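Hi,

Here is the structure I said I would pass on. Have a look at it first, and then read my notes underneath.

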Amino acid sequence: MNAVLIALLALPLLGAALTLAPVFGPDAGVADRRALRLNSVLTGAVLLVSLALAAGFDRGEPARMQATTDVSWIPAIHVRFHLGVDGVSLPLIVLTALLTFLCALYSEKRLPAGDNVPSARAFVGLFLLLEVGMLATFAVLDLLLFFMAFEIVLIPMYFLIARWGSGAKVPAANRFILYTLLGSAVMLLGFLLIGSKAGTFDMQALAAGHGSGLSHTTQVTAALAIMIGLAVKAPAWPLHSWLPDAHTAAPTVGSVLLAGVLLKMGTYGLVRVLLPVVPDGTTTLAPYLGAFAAVGIVYGSLACLALARRGSKGDLKRLIAYSSVGHMGFVLLGIASLTPVGVNGALFANIAHGLITGLLFFLVGALKDRYGTADLDTLSGTTGAALYGRAPRIGALLAFAAVASLGLPGLAGFWGELLAMFGAFDPAAGLSRPAFVTYMVLAGLGTLLTAAYLLIVVKRVCMGDPEQPAPVAELADLRPYEAVSWTPLAALTLLAGLWPALLLGLSDPAVKHLLGGG
């Protein structure tokens, strides 16, 4: 199984290197088609390997690191090439492989237009390099390797936004790279502090020690630095301001991966690093993380309500980006509770958000392709709207994704938010219960606001604006390549909602292990 995990990382890395070789032929059109086909084949192979990893995973011991590789890499500073998966990381690896494969299939038919880009090979090379970084983040078990994987994703995503995006794409890409690099630099300082005091960067050894050998001051300082760096990527209010611009400017597949995977890297790091490695420091800072999470839930929902209002010229991609601030707030609130219930809810909400928001960004990208805009007033005005009548399959999928996002029972969005609020209702010992109950009440208010803005969006886009004349122009409904790319996300959203034990059975023993230090 360790060879399977290594192959999972090696396949996209070799594919990215292959795009630099002159093996696609002299004809530019043929070379582009071959490169895009290679992208689909390699990401499909990675998905199959991830499924093989999941099939070979011992579900009887999800708290134990499996498929491990542990060899010395840089002995002078005690850095090891250490890989492994457990019940926390395995679902995120499969989700990453699935989303990248679906995005590759979508791009083969709908490659975003780029500025001054000689061929699709550049897009494919960056896309595969991005996949390497995302998968490695969830597989490595050394703090410095985690930092390297965390950083690998930044450059490919920067160019995907700056070259293949739209609108104010260069300023959006610059803001994305500036925020995330600064956050990563602060996070690295925390890693170095831990490594210098503990004498190792090995995450498994540090987790087994559960903070032993690290003073309270060291733990609080390291936890603060790491939390800031990860909160930027999460994104936590008020460090979220890079996100709406990046999503608005990014191409469809860039938005899908940004929301579906990159945001999860921050919250995964909080669970994998902060909870077991610096537990005292995390307990000290948890009330502040919970407060920022609760504010982010309400803030994101209010921002979405403002964008959904008629006449506000709100961009639908921007609205979904702000919704991510609110949804990830539930993830952060669950983690801040420091309870198995809350952390399990956070991990479940991570997967649910990746599925649902990935589907939403696919749908909005399709609408933007058809209309040339994602402006909500235009989509619900004389030239748009009435998807139920004009494009019923797209309209039905949009309504399905919206009600899943607002947390309708029976769909994936429900369980994570519910468990995160339960965790806040009865937080871990040492945390202020009145404070966390207040955070839970604010989160409950956020669920009502979320339902309000998503139902407004469905009403305006799917049913049309009653004050505007009904549109008469034809609109293309669901295309075959869109159905292939989107159906798995809708099906898994339903499956996770009806069978939550599929994920919770994996994560619960691993979470208890991380919180208890083994």
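Below is what turned up, starting with the empty spaces and moving on to a few individual elements and residues.

One thing before the details: this is a predicted model, and every value below was computed from it.

**The largest pocket**

I'd start with the largest pocket, which has a volume of about 480 Å³. There are 19 residues lining this pocket, and Pro-91, Val-94, Leu-492, Leu-502 and Leu-503 are the ones closest to its centre. Five helices each give two or more residues to the lining: H2 (28–56), H3 (90–109), H14 (340–371), H20 (480–498) and H21 (501–516). H3 has the largest share, with 5 residues. If you are thinking about the chemistry of the wall, the lining splits into 18 nonpolar residues, 1 charged residue and no polar ones.

**The cavities**

How many cavities of 30 Å³ or more does the structure hold? The count is 5, and I'll describe two of them.

The largest cavity has a volume of about 90 Å³. Its lining is made up of His-327, Ala-349, Ala-352, His-353, Ile-356, Thr-357, Ala-404, Ser-405, Gly-413 and Glu-417. At least two lining residues come from each of H14, H17 (392–405) and H18 (412–425), and H14 gives the most, with 5 residues. By class, this lining has 4 nonpolar, 5 polar and 1 charged.

The second largest cavity comes in at about 80 Å³. Around this one you will find Gly-87, Val-88, Pro-91, Leu-92, Leu-347, Phe-348, Asn-350, Ile-351, Leu-503 and Ser-507. H3, H14 and H21 are the elements that put two or more residues into its lining, and the largest share, 4 residues, is from H14. The classes here are 7 nonpolar and 3 polar, with no charged residues.

Two names are worth picking out when you have the model open. Pro-91 and Leu-503 line the second largest cavity, and they also appear among the residues closest to the centre of the largest pocket.

**The hairpin**

Strands S1 (residues 66–74) and S2 (residues 79–85) pair in the antiparallel sense, over 6 bridges. Which residue of S2 is the bridge partner of Asp-70? That is His-82. Further along, Ile-74 stands opposite Val-79 in S2. The hairpin has 4 residues between the strands, and His-78 takes a positive phi there, near 60 degrees. As for its surroundings, S2 has 5 of its 7 residues buried, so this strand is largely enclosed by the rest of the structure.

**Helix H10**

H10 (residues 242–249) is mostly covered, as 7 of its 8 residues are buried. The buried ones are Trp-242, Leu-243, Pro-244, Ala-246, His-247, Thr-248 and Ala-249. What lies over them includes H6 (154–164), H7 (169–198), H9 (216–233), H11 (252–277), H13 (316–336) and H14. You have met H14 already, as the element that gives the most to the lining of the largest cavity.

**Two single residues**

Thr-43 sits in helix H2, one of the helices that contribute to the lining of the largest pocket. Is Thr-43 buried or exposed? It counts as buried, because its relative accessibility is 0%, where the cut-off for buried is under 20%. The Thr-43 side chain reaches the backbone oxygen of Asn-39 at 2.7 Å. Leaving aside residues up to four places away in sequence, Thr-43 touches Ala-97, Thr-100, Phe-101, Ala-104, Phe-127, Leu-128 and Glu-131.

His-513 is found in helix H21. Its relative accessibility is 36%, so His-513 counts as partly exposed; that class runs between the 20% and 50% cut-offs. For a sense of distance across the model, His-513 and Val-30 are 52 Å apart in space, C-alpha to C-alpha, and 483 residues apart in sequence.

That is everything I have for now. Over to you!

Cheers

Notes
Residues are numbered from 1 along each chain as its sequence is written. This is a predicted model: local features need pLDDT of at least 70, side-chain atom pairs count only at pLDDT 80 or more; totals for chains, interfaces and linings use all residues. Side-chain values use heavy atoms; hydrogens and water are left out. On a 1 Å grid over the protein atoms alone, a cavity is a set of points where a 1.4 Å probe fits but cannot get out, and a pocket is an open set with protein on both sides within 12 Å along at least five of seven lines; lining residues have an atom within 4 Å of a point. Grid points are joined across faces, edges and corners, and a volume is the space filled by probe spheres set on the points. Ala, Val, Leu, Ile, Met, Phe, Trp, Tyr, Cys and Pro count as nonpolar, Asp, Glu, Lys and Arg as charged, and the others, Gly among them, as polar. Buried means under 20% relative accessible area, exposed over 50%, partly exposed in between (1.4 Å probe, protein chains only). A polar contact is a pair of N or O atoms within 3.5 Å; within protein, one must be able to donate a hydrogen and the other to accept it, and residues adjacent in sequence count only if both atoms are side-chain atoms. Contact means heavy atoms within 4.5 Å. Two strands pair if DSSP finds at least two bridges between them.
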